[in-house]
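Welcome, and thanks for opening the viewer alongside this text. Keep your selection tool handy, and we will go from stop to stop.

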Amino acid sequence: MESVQTFQVSVPQELVDQLHQKLSLASLPNELEDSDWEYGAPLADIKRLLKYWQEDYDWQLHEARINELPQYMTHISVNGFDNLAIHFVHQTSPVESATPLLFVHGWPGSFLEVVKILPLLADTKDGTEPAFHIVAPSLPNFGFSQGVTKKGFSLPQYAEVCHNLMLKLGYTQY
């Protein structure tokens, strides 16, 4: 069985610079009068977001915040597919009797959906409420997990990835 490795996000500055360059080259379309959201996002909103990403978004700050999470990477086998590199957050509870909890993000979404509830689920402070060991994977094709390169990967395979990850971490019931 292949090991579980710690993981840290590390995006080279040259890629951040490349993104800024691409954003500066964006060509925005004209907008129909009084269309509001009827034909998509209003041009003013797109321009505001573009400006924010070009001038105000601090990738290094957000990268550092993401790296405060207990993140890992491992390979998971999926029947009929190659092994996939799967990224996940694994927050263990200080409560010995904590229940393993699999937290699966939505679409579109990411493992970051679990951030605000991690401390609430892992430690109940006074022991009067249940506590959990939380596993929040980046599903294949999302976040830092590997993408699938073969047709036919669907809900049963996503479930298999999650189940096999939980088993690999030693959780037979969750």
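Begin by selecting Ser145 and His87: a polar atom of the Ser145 side chain lies 2.9 Å from the backbone nitrogen of His87. That pair is a polar contact, meaning N or O atoms within 3.5 Å, where within protein one must be able to donate a hydrogen and the other to accept it, and residues adjacent in sequence count only if both atoms are side-chain atoms. Before moving on, note that this is a predicted model, in which local features need pLDDT of at least 70 and side-chain atom pairs count only at pLDDT 80 or more, while totals for chains, interfaces and linings use all residues. Residues are numbered from 1 along each chain as its sequence is written, and side-chain values use heavy atoms, with hydrogens and water left out.

**Stop 1: around Ser145**

Stay on Ser145, found in the loop between S5 and helix H5 (155-168). Helices (H or I, at least four residues) and strands (E, at least two) are DSSP runs, numbered from the N terminus. Is Ser145 buried or exposed? Ser145 counts as buried because its relative accessibility is 8%; the cut-offs are under 20% relative accessible area for buried, over 50% for exposed and in between for partly exposed, with a 1.4 Å probe and protein chains only.

Now add Ser138, whose backbone oxygen is reached by the side chain of Ser145 at 2.4 Å. To see the surroundings, show the residues in contact with Ser145 (heavy atoms within 4.5 Å). Leaving aside neighbours within four places in sequence, these are Ala85, Ile86, His87, Ser138, Leu139 and Pro140. For a distance across the chain, pick the C-alpha atoms of Ser145 and His75: they are separated by 9.6 Å, with their positions 70 residues apart along the chain.

**Stop 2: His87 and Pro137**

Move to His87 in strand S3. His87 counts as buried because its relative accessibility is 0%. Its side chain is joined to that of Ser138 by a polar contact of 2.8 Å. Beyond four places in sequence, His87 touches several residues, including Phe7, Tyr72, Phe111, Pro137 and Phe144.

From there, select Pro137 in strand S5. At 2% relative accessibility, Pro137 is buried too. Among the residues it touches outside four places in sequence are Phe88, Leu102, Phe103, Cys162 and Leu165. Measuring from C-alpha to C-alpha, you should find Pro137 and His90 separated by 8.4 Å, although they are 47 residues apart along the chain.

**Stop 3: the nonpolar cores**

In soluble globular proteins, nonpolar side chains tend to be buried together. A nonpolar core here is a set of buried Ala, Val, Leu, Ile, Met, Phe, Trp, Tyr and Cys residues joined through side-chain atoms within 4.5 Å. Select Val89, Val114, Leu118 and Ile134, which touch the most other members of the largest core, a set of 19 residues. Two or more residues each come from helix H3 (59-66), strand S3 (81-91), helix H4 (118-122) and strand S5 (132-137). Apart from it lies another core, of 17 residues, among them Ile76, Phe88, Val135 and Phe142.

**Stop 4: helix H2 and its surface**

Next, colour Leu19, Leu28, Ile46, Leu49, Tyr52 and Trp53, which make a nonpolar surface patch of about 470 Å². Helix H2 (residues 43-56) gives the largest share, 4 residues. Trp53, in helix H2, is partly exposed, with a relative accessible area of 36%.

On helix H2 you can also select Lys51 and Glu55, 4 residues apart, about one turn of the helix. Lys51 forms a salt bridge with Glu55, the closest N and O atoms being 3.1 Å apart; the rule asks for a side-chain nitrogen of Lys or Arg within 4 Å of a carboxyl oxygen of Asp or Glu. By this rule the count comes to 1 salt bridge.

**Stop 5: backbone geometry**

Most residues other than glycine have a negative phi, and most peptide bonds are trans. Which residues does a cis peptide bond join? Trp107 and Pro108 are the pair, with omega about -10 degrees, and Pro108 sits in the loop between strand S4 (99-102) and H4.

Finish at Asp34, in the loop between helix H1 (13-24) and H2, where phi is near 55 degrees, a positive value. Asp36 lies in the loop between H1 and H2 and has a positive phi of about 45 degrees.

Methods:
Patches are made of residues with over 30% relative accessible area and no salt bridge: like charges are joined within 9 Å, nonpolar side chains (Val, Leu, Ile, Met, Phe, Trp, Tyr) within 5 Å. Accessible areas come from the Shrake-Rupley method with a 1.4 Å probe; for residues, only the protein chains shown count as cover.
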